Amino acid sequence: MFDGIGELMLILIVVLMLFGSKEIPEIARFLGKTMAQLKNATNEIKSEIQKSAQDNGMDIDSITGGISQEINKAKTGITQMTNPMDAVDLGLQKPLEDVKESIEDLSGPIKRQS
């Protein structure tokens, strides 16, 4: 979300200027309570959905498992399309390391020239 600490500092300074140092702890408490209530409500809704699905004889794991598998397939496909060399490197990295170790065993550590 933030590209750097500079942006975060700018936002904090703006918040400090708008609300003042006395209001910031109250705002933080309010946000904390709101987030906790939102999390509790979300968990309640999730448990109600799971309970009603179990009462109706539906298998939740098969539904969510299929979605997770499709998401993982999409991630793999996108990664391979955006960085095709990464996919190639994964297959060649281990053999290259083995060859490097064999050469180092025979001749000592490889030194790079600057």
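Helices are here taken as DSSP runs of H or I at least four residues long, numbered from the N terminus. With that in hand, a good place to start is Gly57, which takes a positive phi of about 80° just after helix 2. A similar note applies to Gly20, where a positive phi of about 85° is found just after helix 1. Both values come from a predicted model, and it helps to look at its confidence before going further.

The mean pLDDT of the protein is 79, with 74% of residues reaching 70 or more. Confidence is highest in helix 2 (residues 24-55), at a mean of 90, and lowest in helix 4 (residues 84-107), at 70. The overall architecture is easily told: the protein has four helices and zero strands, giving the pattern α-α-α-α along the sequence.

Helix 1 covers residues 5-19. Its 15 residues should span 21 Å at 1.5 Å a residue, and the end C-alpha atoms are indeed 21 Å apart, in agreement with that expectation. Helix 2, with 32 residues, reaches 46 Å from its first C-alpha to its last, close to the 46 Å expected at the 1.5 Å rise.

Turning to the surface, the protein exposes about 10600 Å², of which carbon and sulfur atoms supply 62%. Of its 114 residues, 2% count as buried. A nonpolar surface patch of about 540 Å² is made by Leu10, Ile11, Val14, Val15, Leu18 and Phe19. One of these patch residues, Val14, is found in helix 1 and has a relative accessibility of 38%. Val14 therefore counts as partly exposed, the class between the 20% and 50% limits, and it can join a patch because its value is over the 30% required of patch members.

Helix 2 offers a polar detail at Thr42. The side chain of Thr42 reaches the backbone oxygen of Leu38 at 2.7 Å. With a relative accessible area of 42%, Thr42 is partly exposed.

Charged pairing is quickly summarised, since a salt bridge needs a Lys or Arg side-chain nitrogen within 4 Å of an Asp or Glu carboxyl oxygen. A search of the whole structure finds one salt bridge. Glu70 forms this contact with Lys73, the closest N and O atoms being 3.7 Å apart. Both residues lie in helix 3 (residues 60-82), three residues apart, or about one turn of the helix. An α-helix has 3.6 residues a turn, so residues three or four places apart point the same way. Lys73 itself is exposed, with a relative accessible area of 56%.

How values were computed:
Residues are numbered from 1 along each chain as its sequence is written. Side-chain values use heavy atoms; hydrogens and water are left out. pLDDT is the predictor's confidence in each residue, from 0 to 100. Helices (H or I, at least four residues) and strands (E, at least two) are DSSP runs, numbered from the N terminus. The expected span of a helix is 1.5 Å times one less than its number of residues. Buried means under 20% relative accessible area, exposed over 50%, partly exposed in between (1.4 Å probe, protein chains only). Accessible areas come from the Shrake-Rupley method with a 1.4 Å probe; for residues, only the protein chains shown count as cover. Patches are made of residues with over 30% relative accessible area and no salt bridge: like charges are joined within 9 Å, nonpolar side chains (Val, Leu, Ile, Met, Phe, Trp, Tyr) within 5 Å. A polar contact is a pair of N or O atoms within 3.5 Å; within protein, one must be able to donate a hydrogen and the other to accept it, and residues adjacent in sequence count only if both atoms are side-chain atoms.
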